[in-house]
Amino acid sequence: MPRIANPSGSRSFGIAPLQITPKGLARTPDGGEIREGFLPKQMKARTLTEDHAFVLYGGARGPGKSFWLRWTLLWWLLKWFWQEGHRNVRVALFCETYVSLKDRQISKISAEFPRWLGEVKSTKADGLGFYIKEQFGGGAILLRNLDDPSKYQSAEFAGIAIDELTKNTFETFEILRGSLRWPGIHHRPFLAATNPGGIGHLWAKALFVDGSFTGFPQLLQRKDDFAFVKALPEDNPYLDAAYWDELNSLSEGLRRAWVNGDWDIFAGQVFTEWNPLEHICDPFKIPKHWIRRRCVDGGYAAPWCTLWLAEEPETGRIYVYREIYGSEVTDRRQAALVKKYSKGEAFKVSFGDPAMWAKKNVQGVVTSSADEYSRGGVALVPGDNNRINGKMKVHRALANLPDGKPGLIVFRTCANLIRTLPALPYDPIRVEDVDSKAEDHAYDALRYGFSEYVTKVAATAKDIAAQRRWERQQERLAQAFG
Ligand SMILES: Nc1ncnc2c1ncn2[C@@H]1O[C@H](COP(=O)(O)OP(=O)(O)OP(=O)(O)O)[C@@H](O)[C@H]1O
Ligand SMILES: [Mg+2]
């Protein structure tokens, strides 16, 4: 049982999986001992940070990964002080946005870390953090978000922890590990916690889970510095049965990822950022002033799909609030159904697959699907069929808006969009595109629905550059693994 003795000899700082309070910490009668109350798997992961530079605790939801991050950072700060005499050391704890940082870490740190040890506050010199009192070394866990990782390029930290690693690109990982430096401290740990899935799924899986460095020659010589601890539900006895019932009721793929900690399920999937807990909502009445659009991917033998989109003007968030999905329905009947379901609603615009304007001969009459829709009272305009732009817009829409909620949310009733979007794989030849042989009808309709969003969604040059970098990274990875 490792213990760290205070050089003064008057107190000791115990690090052990000891009796734990519900908050995960306890104080001895002499007031000098903190117990982080690690569960055995958390303890194993923490121990690995002592002889590995990069440690990922990842897999299932809920085993206590975020808990492990903050307590391990605290453990390191106190160890550096008590064992080596380092004062005022800075480590950083990152989440992808401020909102996630607040929910997953700041609120928990305030509740769990003992007041006599330090406090969460903001200082002029270092900003927001948990600041340990001088008598315990004056170290700090700086609390940061990754809205713009480039701002950490010249920062210095003795240790770094990232919560939900796979929500970040490989470039972010590179920038942050470049900031791991601190005078006199030679072992500077990088800790990460995550569930599978997200834009960083592939690179994180390659480096930590598979130990495959093919696409990362710069890291090959550091292969042995990477360690992975597979997070499993049974790691955390604090989770109640209702929680697991909820997870077990998820679709097969996500259940495997979130309950079994299975990393293979997302391999090759395009929209790995899809998270049913965030991107699906219960239906509600759309307020009158919201902007409505419709979008149609036509088809007869292959399914056709119409989606109804509503934009909340205050945030720009899009809700997909209705879908029709079916096959072997004539254009005329499709139009009648779309009209029927749209009763009493006004639409800014209705987009159709440009292929719906192709002329065809129906029983001696030259017409097109768009003509038939028009005759049926549904006037369509051709949607933007630039596939890569469309995919980029869907990625951007799935990301969070400044309020911490995604820019695209789907009503639970749109079962086919919910079923097919997260399952779409990459095209094996045009590696940056969605495989058009997959069941992509609802996705295609969705892309058309974003046709107008060139200015609103595709926003800043910085975003586009980040997206390009991400696309290139996906391409490299697809080549490396293909
Ligand atoms: N060692 C521990 N002692 C006491 N409570 C713990 C411990 N580890 C985790 N918990 C509690 O269990 C719950 C889940 O922990 P946490 O949020 O860290 O899990 P997670 O693996 O990060 O979950 P997710 O996959 O949803 O991000 C939290 O309420 C946390 O406070
Ligand atoms: Mg967590």
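Let me start at Tyr131, which stands opposite Ala140 in strand 7, and I should say at once that what we are looking at is a predicted model. That pair belongs to the contact between strand 6 and strand 7, residues 140–145, which pair in the antiparallel sense over three bridges. On the other side of the topic, strand 6, residues 127–132, is also joined by six bridges to strand 5, residues 118–123, and these two run antiparallel as well. A hairpin through three residues connects strand 5 to strand 6, and Thr123 stands opposite Gly127 in strand 6.

If we now step back, these strands are part of an open sheet of eight strands, with the order 5-6-7-4-8-9-3-10 and mixed pairing. Strand 5 and strand 10, residues 226–231, stand at the edges with a single partner strand each, so one side of each is left without a neighbour in the sheet. On average, and ignoring direction, neighbouring strands here are turned by 20 degrees against each other. At the strand 10 end, six bridges join strand 10 to strand 3, residues 54–59, and here the two strands run parallel; within that pairing, Gly58 stands opposite Lys230. Helix 1, residues 40–51, packs on this sheet, where it touches strand 3, strand 9 and strand 10, and its direction makes about 175 degrees with that of strand 10.

Next, helix 2, residues 65–84, which deserves a little arithmetic. At 1.5 Å a residue, its 20 residues should span 28 Å, and the end C-alpha atoms are 27 Å apart, which agrees. As for its surroundings, 17 of the 20 residues are buried, so helix 2 is largely enclosed by the rest of the structure. After the helix comes Gly85, with a positive phi near 75 degrees.

Which residues touch the most other members of the largest nonpolar core? In that core of 65 residues, they are Leu73, Leu77, Val91, Ile141, Ile160 and Ala161. Helix 2 gives the most to this core, with 13 residues. To take one of the residues just named, Ala161 touches Leu69, Leu73, Leu93, Phe94, Leu191 and Ala192, if we do not count residues up to four places away in sequence. There is also a second, separate core, of 42 residues, which includes Val320, Val434, Ala445 and Leu446.

Val320 takes us to the other sheet I want to describe, since this residue stands opposite Val410 in strand 19. Strand 14, residues 318–326, and strand 19, residues 408–411, pair in the parallel sense over three bridges. Helix 9, residues 331–341, packs on the sheet and touches strand 12, strand 13 and strand 14, and its direction makes about 145 degrees with that of strand 14. The sheet itself is open, has seven strands in the order 11-19-14-13-12-15-18, and shows mixed pairing. Its edges are strand 11, residues 280–281, and strand 18, residues 381–382; each has a single partner strand, so one side of each is left without a neighbour in the sheet.

I will finish with the chain as a whole. It contains 14 helices and 19 strands, and of its 482 residues, 40% count as buried. Finally, if we consider contacts between residues at least 6 apart in sequence, 66% of them join residues at least 24 apart.

How values were computed:
Residues are numbered from 1 along each chain as its sequence is written. Chains are lettered from A and ligands numbered from 1 in the order in which they are written. This is a predicted model: local features need pLDDT of at least 70, side-chain atom pairs count only at pLDDT 80 or more; totals for chains, interfaces and linings use all residues. Two strands pair if DSSP finds at least two bridges between them. Helices (H or I, at least four residues) and strands (E, at least two) are DSSP runs, numbered from the N terminus. Two residues are in contact if their C-beta atoms, placed from the backbone, lie within 7 Å. Axes are lines fitted to C-alpha atoms, for helices over the stretch in contact, and angles run from 0 to 180 degrees between N-to-C directions. The expected span of a helix is 1.5 Å times one less than its number of residues. A residue is buried if 20 or more other C-beta atoms lie within 10 Å of its own, exposed if 12 or fewer, and partly exposed in between; C-beta atoms are placed from the backbone. A nonpolar core is a set of buried Ala, Val, Leu, Ile, Met, Phe, Trp, Tyr and Cys residues joined through C-beta atoms within 7 Å.
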